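Subject: Structure handover

Hello,

I am passing this structure on to you. Please open it first, then read my notes below.

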Amino acid sequence: MRKFKKIYIEITNVCNLSCNFCPKTNRKYKFMNREEFNYIINEIKPYTNHVYFHLMGEPLLNENIEGFFEECHKNELMVNLTTNGTLLNKNSEKLINAKSLRQVNISLHSFEANESNIELYEYINRVTDFINEAREKSDIICAIRLWNMDNEELKGANKLNLEILNLLEKNLNLDFSLAEKLQETHKIKLKDKVYLNMAEKFNWPDISINSIGEEVFCHGLRNQVGILVDGTVVPCCLDSEGTIELGNVFKERFVSILEGKRASDIYNGFSRRVAVEDLCKRCGYATRFKK
């Protein structure tokens with residue numbers, strides 16, 4: 001039986017922001033309910049120990065999230081959650097009390113990618129207040145992301161990064177300069193259970209853009225697989241539109257989907273460092289694995 005390092009579950013494709021780096025979705029907006037989530041967990045639990053509330057959407061918008069945490073705990077699954085950070089203050093209690101919650105990834109690059117009604121310091125204060133409370137009251141890992149660095153092709157929205165770093169230093173009471181540390185490495189342990197990760201901006205896969213070629217490797221269907229809010233199974237967390245539909249978990253068994261021809265062709269193709277799907281030939285993130 002194949003074991004995945006992580007299985008993504010899109011508990012909603014609705015978001016409260018409109019980031020300029022996000023591909024958005026043309027799919028019908030939906031919130032996953034308890035019955036649907038519990039069914040998915042029952043299908044996937046033999047295949048992983050970790051589920052990720054992430055694909056599209058802001059997971060903290062789903063009012064069923066406490067029940068989702070409970071179901072994962074009941075099935076001995078740990079949860080990683082990715083959020084834009086704007087709703088952490090409103091949901092801190094349910095997050096900190098969630099026995100299954102292992103890690104919260106906070107995408108700080110979301111702030112400058114939007115026209116926000118709040119000030120930067122207020123936004124960062126909300127995020128760091130949650131981090132400090134989580135450190136004090138739980139074992140939750142907090143991973144701060146600034147994935148907006150410039151690369152050869154793309155210019156990131158990163159004019160506020162220095163100000164963000166200064167606020168993090170102050171609010172987390174750090175005794176070193178983040179700007180200096182980042183000259184040595186882009187992955188920094190700030191405190192116990194608190195990390196900062198800087199990365200380059202990347203192009204999301206888009207079927208309408210030019211191909212980058214067939215010579216591609218990806219961890220899709222090797223370390224990870226994703227399930228969209230309507231049950232569509234996709235090979236990775238970047239297939240935002242369900243372009244590579246492997247099947248639907250509400251219509252057929254998860255094991256049958258994994259053993260299907262399309263999934264097998266993708267897996268075997270990546271084993272040869274070959275992308276067999278057109279979308280995979282147009283994925284900017286996959287270029288990271290060439291470096």
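Glu76 sits in the loop between α2 (65-74) and β3 (78-83). This is a predicted model, so please read every value here as computed. The phi of Glu76 is positive, about 60 degrees, although Glu76 is not a glycine. Most residues other than glycine have a negative phi. Is Glu76 buried or exposed? Its relative accessibility is 71%, so Glu76 counts as exposed.

Lys193 also has a positive phi without being a glycine, in this case about 70 degrees. Its place is the loop between β6 (187-191) and β7 (194-200). Lys193 has a relative accessibility of 15%. The cut-off for buried is under 20%, so Lys193 counts as buried.

Back to α2, the helix that Glu76 follows. Which residues of α2 are buried? They are Ile65, Gly67, Phe68, Phe69, Glu71 and Cys72. Cys72 has 0% relative accessibility. The cover over the buried residues of α2 includes helices α1 and α3 (88-96). It also includes strands β2 (50-53), β3 and β4 (101-107).

Now the whole chain.

- The protein chain has eight helices and 10 strands.
- It has 291 residues, and 52% of them count as buried.
- Take the contacts between residues at least 6 apart in sequence: 69% of these join residues at least 24 apart.
- The chain exposes about 14,400 Å², with 44% of that supplied by carbon and sulfur atoms.

Next, the cores. In soluble globular proteins, nonpolar side chains tend to be buried together. Here the largest nonpolar core has 74 residues. Phe53, Leu108 and Phe254 have the most contacts inside it. Which helix gives this core its largest share? That is α4 (residues 120-137), with seven residues. A separate core lies apart from this one. It has nine residues, among them Leu55, Leu228, Cys237 and Cys283.

Leu108 is a good place to look inside the largest core. Set aside its neighbours within four places in sequence. Leu108 is then in contact with Tyr123, Ile124 and Val127, among others. Its contacts also include Ile144, Arg145, Leu146, Ile164 and Leu168.

On to charges. How many salt bridges are there? The count comes to 10. Three of them are described below.

Arg27 and Glu10 meet through their side chains, with N to O at 2.8 Å. The pair links distant parts of the chain, 17 residues apart. Arg27 and Glu10 both lie in the loop between β1 (6-9) and α1 (34-44). Arg27 counts as buried, at 14% relative accessibility. Glu10 counts as buried too, at 0%.

Lys137 forms a salt bridge with Glu133, and the closest N and O atoms are 3.0 Å apart. Both residues lie in helix α4. They are four residues apart, about one turn of the helix. An α-helix has 3.6 residues a turn, so residues three or four places apart point the same way. Lys137 is exposed, at 53% relative accessibility. Glu133 is partly exposed, at 24%.

Asp265 forms a salt bridge with Lys261. Their closest N and O atoms are 2.6 Å apart. This pair lies in helix α8 (residues 261-271), again four residues apart, or about one turn. Asp265 counts as partly exposed, at 32% relative accessibility. Lys261 is exposed, with a relative accessible area of 63%.

Last, the cysteines. How many disulfides does the structure hold? It holds zero. Cys280, for one, is in no disulfide. Its nearest cysteine sulfur is that of Cys218, 6.3 Å away. A disulfide here needs the two sulfur atoms within 2.5 Å, so this pair does not qualify. Cys280 is buried, with a relative accessible area of 13%.

If you have time for one stop, try Glu76 and Lys193. Both have a positive phi. Glu76 counts as exposed, whereas Lys193 counts as buried.

Best wishes

Definitions and conventions:
Residues are numbered from 1 along each chain as its sequence is written. This is a predicted model: local features need pLDDT of at least 70, side-chain atom pairs count only at pLDDT 80 or more; totals for chains, interfaces and linings use all residues. Side-chain values use heavy atoms; hydrogens and water are left out. Helices (H or I, at least four residues) and strands (E, at least two) are DSSP runs, numbered from the N terminus. Buried means under 20% relative accessible area, exposed over 50%, partly exposed in between (1.4 Å probe, protein chains only). Contact means heavy atoms within 4.5 Å. Accessible areas come from the Shrake-Rupley method with a 1.4 Å probe; for residues, only the protein chains shown count as cover. A nonpolar core is a set of buried Ala, Val, Leu, Ile, Met, Phe, Trp, Tyr and Cys residues joined through side-chain atoms within 4.5 Å. A salt bridge is a side-chain nitrogen of Lys or Arg within 4 Å of a carboxyl oxygen of Asp or Glu.
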